[in-house]
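This briefing introduces a structure to a reader who has not met it before. Please view the sequence and the model together before reading on.

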Amino acid sequence: MKLDSMYQEVILDHYKHPHGRGLRDGDAEVHHVNPTCGDEITLRVKYEGSQITDVSYEGQGCSISQASASVLNELLVGKQLAEAQKIQETFLELMQSKGRIEPDDAMEEILEDAVAFAGVSKYPARVKCALLSWMAWKDATAQALGEADAERKTA
Amino acid sequence: MTQLPGLLDTEAIRKDFPVLDRLVHDDKKLVYLDNAATSQKPRQVLDALSEYYERYNANVHRGVHVLAEEATALYEGARDKVATFINAPSRDEVIFTKNASESLNLVANMLGWADEPYRVDHETEIVITEMEHHSNIVPWQLLSQRTGAKLKWFGLTDDGRLDLSNINEVINEKTKIVSFVLVSNILGTFNPVEAIVRRAQEVGALVLIDASQAAPHMPLDVQALQADFVAFTGHKMCGPTGIGVLWGRQELLEDLPPFLGGGEMIETVSMHSSTYAPAPHKFEAGTPPIAQAVGLGAAIDYLSAIGMEKIAAHEHALTEYAVKRLQEVPDLKIIGPTTAEDRGAAISFTLGDIHPHDVGQVLDEQGIAVRVGHHCARPVCLRYGIPATTRASFYLYSTPGEIDALVEGLEHVRNFFG
C-alpha cells in the first residue's frame, strides 16, 4: 500500500517514542507554526563552540512533524555545526524532490533514520510538516550563533 | 443501502456531477466529504460557463455591440436570479464580489470610511463571535486597529453554541456593527439570529450575517433575517470560484461610501473629483467576474429546480445519521453540537490523540476527501484546547453510503495508528 511509503515503521516509532522531547536550557528559542494545519513547535538549541550539545523541543502536530523533530534530535545532537548543516541541506533536498530522489547509500549514510521520510516528499501537503522542525532548528541556530555567521556558513 | 426519510434522489443528482465518478489513487471511488470547503459543480454550471465564453464573451456595461449587450443582459440576469434566491426586496441591493471574504471586507471598509451615523471610530464598538471564520475576524481586527474601535465577541459554550448570557453587555449603545456567522463552518452550529438581531436593533447597531455555509444548504430569506447585510460565496453552492455576493439594504448602500474605485463605479470623473454610480455599481469597480456571475446564476437555477427546502431536509437526514454513526466510533469526539438540531451538515471531530492530518491522510488513501486543520477558525480550536479537527461535510449529492464509508475509513485509521 502506498501509505506505507509515507508512514514507515521508523517514522511511527519516532512518533510514538520521541527522542529528546521537552524543553531544556538553550542558547536560543524559536516558535514555528505551519498555518495550514496548525502544527506548532517550540525549539531550543544549545551550543558549545560549534558543537551542538542539545536540541530540545515541545510541540503539537501530526505524526510526520513530530517524528521529524525526534529524528532531528537524534541526528544533530553531538554534531559539529558544519556537519549538521550538511545533514539539514541533504534532508531539505530529499524533501523537495517530489519523490524523485531514491536515496542512495551515500545519502543514507548522511541522513540515517531521516531517509525514511523519502516517501513523504511525494505528498506536497505534508512536506511542510516534515520540514517544520528543521526550519526551526536552522532559525534557532542562526539566532544562537549570530545571523550573519550562520548564514555565511550555510551558503 | 441505508434508506433515510427525506433523502433526495442522489442517484439521479450525482449523474449531473462529472467529478463524482472519478476514481482516485488508481481504483478508489471518490467519497467527497469536503463540501464546506467547496462544492462540486454540476454539468449545467459547467455548460453555462463554456457557453458564455463560446457565444457571448464581452465586457459589460460598456459597448453598444451585440455581444456587449448580451453579456450585460446575462450578467444582470444573474443578479436578478440572486435577488430572487435570497428574497431581496430589490435587485439593486445585490453586489457581486469575488468571494465572501471580499463581501465582509467591503462592509468593514464602508463603515471605516463612512460619515455619521455609521462611522466606526475610537468611541464605538464592533461585535463578532468566537466561532467566526478568519474572514469575519481579521477585517474587524484591521478596522479596530485603524480606527481605535473596540472589538468584542461572544464566547462559546462547551457544546459548541454561542454563549449569549451576557448579550446586553456585549451589544450595547456603543456597538456600531454586529457581524456573525449564520452556520459555523467548523462547528456546524446554526446560530439564533433573532435574539442577536433584536438586541442589535434595540441599540441601533447594524447587523452583518456571514451566510457562506447557509446559502448553499437552506432557504435564505434576507428579509426574514432582518439583517442589514448578508454575505456569501458562489463556489460553495455549485457555482464557480471567483464570485461572491454582498446583499445590503438599499438606503445603507445609498448612504455608505464606496471602497474600491475604478471603472463602472462612477457617474462622472474629472481630474479633481468624481461622482459615483448608484448601488450596486458603486461597489463593483472594474470589470466584474462576468462568466462567474453567469455560472452562479446557473447554479441557482439548478438548486432552485431541486428546491432548497428539499436540500435542507436531505442534509438534515444525513446529519442525523452521521452524528449517530460517528459517535459509534471509539475515541471519536464531535466538536460542536452532537445532535442534528440547529446544526448544518459540517461535522468536526477528533479521534483519540491521532492528529487530524494523519486521519485525513489515511482517509485519502481510501478515496475519502475530508478537511483537516483549523478550518480558518483557529480561535475555536483554541477554545476547545485542540490543535485541529477532522471535518466531514455533506451536500445534496452526499449519501448514507458515503457516511458508512467514512465510518469504516475511521476504523482503518484507528487500526493504522493503534
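Which residue in E14(B) is the bridge partner of B:Ile334? The partner is B:Phe349. The model discussed here is predicted. The points below treat a strand of chain B and its neighbours, followed by two helices of chain A.

**Strand E14 of chain B**

- Strand E14 of chain B spans residues 346-351 and is mostly covered, with 6 of its 6 residues buried.
- On one side of E14(B) point B:Ala346, B:Ser348 and B:Thr350, each of them buried.
- B:Ile347, B:Phe349 and B:Leu351 point the other way from E14(B), and these residues are buried as well.

**Pairing of E14 with other strands**

- Strand E13 of chain B, residues 332-335, pairs with E14(B) in the antiparallel sense over 4 bridges.
- Strand E17 of chain B, residues 389-393, is also antiparallel to E14(B), and 4 bridges join the two.
- B:Phe349 is the bridge partner of B:Ile334 and stands opposite B:Thr390 in E17(B).

**Helices H2 and H3 of chain A**

- The axes of helix H2 (residues 9-16) and helix H3 (residues 63-76), both of chain A, come within 8 Å and cross at roughly 85°.
- Because of this crossing angle, H2(A) is roughly perpendicular to H3(A).
- From H2(A), the residues A:Ile11, A:Leu12, A:His14 and A:Tyr15 take part in the contact; they meet A:Ser63, A:Ile64, A:Gln66, A:Ala67, A:Ser70 and A:Val71 of H3(A).
- By class, this contact of H2(A) with H3(A) comprises 6 nonpolar and 4 polar residues, and no charged ones.

Notes
Residues are numbered from 1 along each chain as its sequence is written. Chains are lettered from A and ligands numbered from 1 in the order in which they are written. This is a predicted model: local features need pLDDT of at least 70, side-chain atom pairs count only at pLDDT 80 or more; totals for chains, interfaces and linings use all residues. Axes are lines fitted to C-alpha atoms, for helices over the stretch in contact, and angles run from 0 to 180 degrees between N-to-C directions. Angles under 35 degrees count as roughly parallel, over 145 as roughly antiparallel, 65 to 115 as roughly perpendicular and the rest as oblique. Two residues are in contact if their C-beta atoms, placed from the backbone, lie within 7 Å. Ala, Val, Leu, Ile, Met, Phe, Trp, Tyr, Cys and Pro count as nonpolar, Asp, Glu, Lys and Arg as charged, and the others, Gly among them, as polar. A residue is buried if 20 or more other C-beta atoms lie within 10 Å of its own, exposed if 12 or fewer, and partly exposed in between; C-beta atoms are placed from the backbone. Two strands pair if DSSP finds at least two bridges between them.
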